[in-house]
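Me: Please take a close look at one part of this model. I would like the packing of a single helix pair, then what surrounds it.

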Amino acid sequence: MADDIAPVPVSAPPAVKGDADAEYLERRTLRRGSAGWLLLTGLGVAYVVSGDFSGWNVGLDKGGFGGLAIATVLMGAMYACLVFSLAELSTILPTAGGGYGFARRALGPWGGFLTGTAILIEYILAPAAIVIFIGDYVESLGLFGLTSSWPVYLGCFVIFIGVHLWGVGEALRFSLVVTAVAVAALLIFALGALTEFDAGSLDDIAVDTTAFGSSSWLPFGVLGIWAAFPFGMWFFLGVEGVPLAAEEAKDPVRSMPKALAISMGILALLALITFFAATGAQGADAVKSAGNPLVVALEGDGGPTALSRFVNYAGLAGLVASFFSLIYAGSRQLFALSRAGYLPRFLSLTSKRKAPYLGLVIPGAIGFALAAATGNGARMLNIAVFGATISYALMALSHIVLRRREPGLERPYRTPGGVLTSSVAFVLALSALVATFLVDKDAALIALAVYAVALAYFAIYSRHHLVASAPEEEFAALAEAEAELTRD
């Protein structure tokens, strides 16, 4: 992948004119050059790694081993195609807006807001869900006699938002260490579980003979493959957030594509070994509804072992890594939308350490309130998945539109396969979006309601108060000016 990257420097956004504009952006500045490709790669894996420890296994209850296996392959293909597309877009527009910035350039203000809002739904709801899972792990491990309740949730948000307020470099280094522990634990788990591997137990779920196309490998029929899509996503959900660190990255033209490619490769490997090792050790039926499937795969009908205890603690590390990194992603998306005026502008103010403090604290407060009030982590994750699939479709569409409309645009990195690659991501993302209704219709409808309220705010107020000097808006304005010159 690195061979496709031309050594072309990134063009900086045009200079801001006027003291007011200069002061506005000065108060909304991130710390540049804080993250190289290694920290960015760690960030990409951290977003996702908790999904290897729990959640994906519910897909076995929707599609069986064969259904979830096919769904995981298809969703892996979607993420691979999307990541290659985002690698190109992130070298064109290396700003904190990430997916919103790409869609703003390609699809206009409405497209940018639709994409940014979908991403926010994902990155605000997912930490709220994960903090509940952290509480469950803390309670099951008997740590300090704590139960899964609001004091644990509050402690997590306060401690980890505090680390982010300390500084992005320190935060990403912390994330890298915790993620490394979780990844090492997954590899150790696989070595232990594979000693008990039995291929005959992979398809031991009872077959629904009334389902079309049902078999031992597809116990719920062909439709089960589609219903398992959202759970196949759990092995990769969140990796698309790496470009949100573009403004804080060292040499984003080179580091972004490299980090995205390596992250995706690591996640694909972890998905493969976790899926086969866990289901093959005790059987698909044993782990399909377990809250801690890796521990169940190691223990079976016996009691805890030294390895299962280690994996249990490592699962907590994986949850912390994803919780911590998703807080980061949500704050940067909120920062970019606020800086450009799509959301209230005060949310993008940064501290002396260049951290968007309100962009961290306010989503954290919302996440804590949701977790404490509902305690329903699964429902919130399903809402997050719904938002994610919308954003994937719009980001893939942005790549297609920019390739068609601006073929001469400078592209330091070019997506292998071009529009064909992003078209595959687009079609699969729409398929996954529809599949969310098969899994949890109520969650999808809740997400649509939130979406509708946000769009009403944009239509009535914020689209009339956008900040022309924000980087994403200036990029779009330049593109429009160049297009007019070409027409003239």
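Reply: The helix pair comes first, then the core and one loop residue.

This is a predicted model, in which local features need pLDDT of at least 70, side-chain atom pairs count only at pLDDT 80 or more, and totals for chains, interfaces and linings use all residues. Residues are numbered from 1 along each chain as its sequence is written, and side-chain values use heavy atoms, with hydrogens and water left out.

Helix H16 spans residues 419-439 and helix H17 spans residues 441-460. Helices here are DSSP runs (H or I, at least four residues), numbered from the N terminus. The axes of H16 and H17 lie 5 Å apart, at an angle of about 125°. Axes are lines fitted to C-alpha atoms over the stretch in contact, and angles run from 0 to 180 degrees between N-to-C directions. H16 and H17 are therefore oblique (not under 35 degrees, over 145, or 65 to 115). H16 contributes Thr436, Phe437 and Val439 to the contact; H17 contributes Lys441, Ala444, Leu445 and Leu448. Contact means heavy atoms within 4.5 Å.

Now the core. The largest nonpolar core has 157 residues, and Phe189 and Tyr392 touch the most other members. Such a core is a set of buried Ala, Val, Leu, Ile, Met, Phe, Trp, Tyr and Cys residues joined through side-chain atoms within 4.5 Å. Helix H5 (residues 99-141) gives the largest share, 21 residues. Beyond four places in sequence, the contacts of Tyr392 include Met78, Glu122 and Ala429.

Last, the loop residue. Isoleucine 205 sits between helix H7 and helix H8. Isoleucine 205 is buried, at 5% relative accessible area (buried is under 20%, with a 1.4 Å probe and protein chains only).

Note on methods. Helices (H or I, at least four residues) and strands (E, at least two) are DSSP runs, numbered from the N terminus. Buried means under 20% relative accessible area, exposed over 50%, partly exposed in between (1.4 Å probe, protein chains only).
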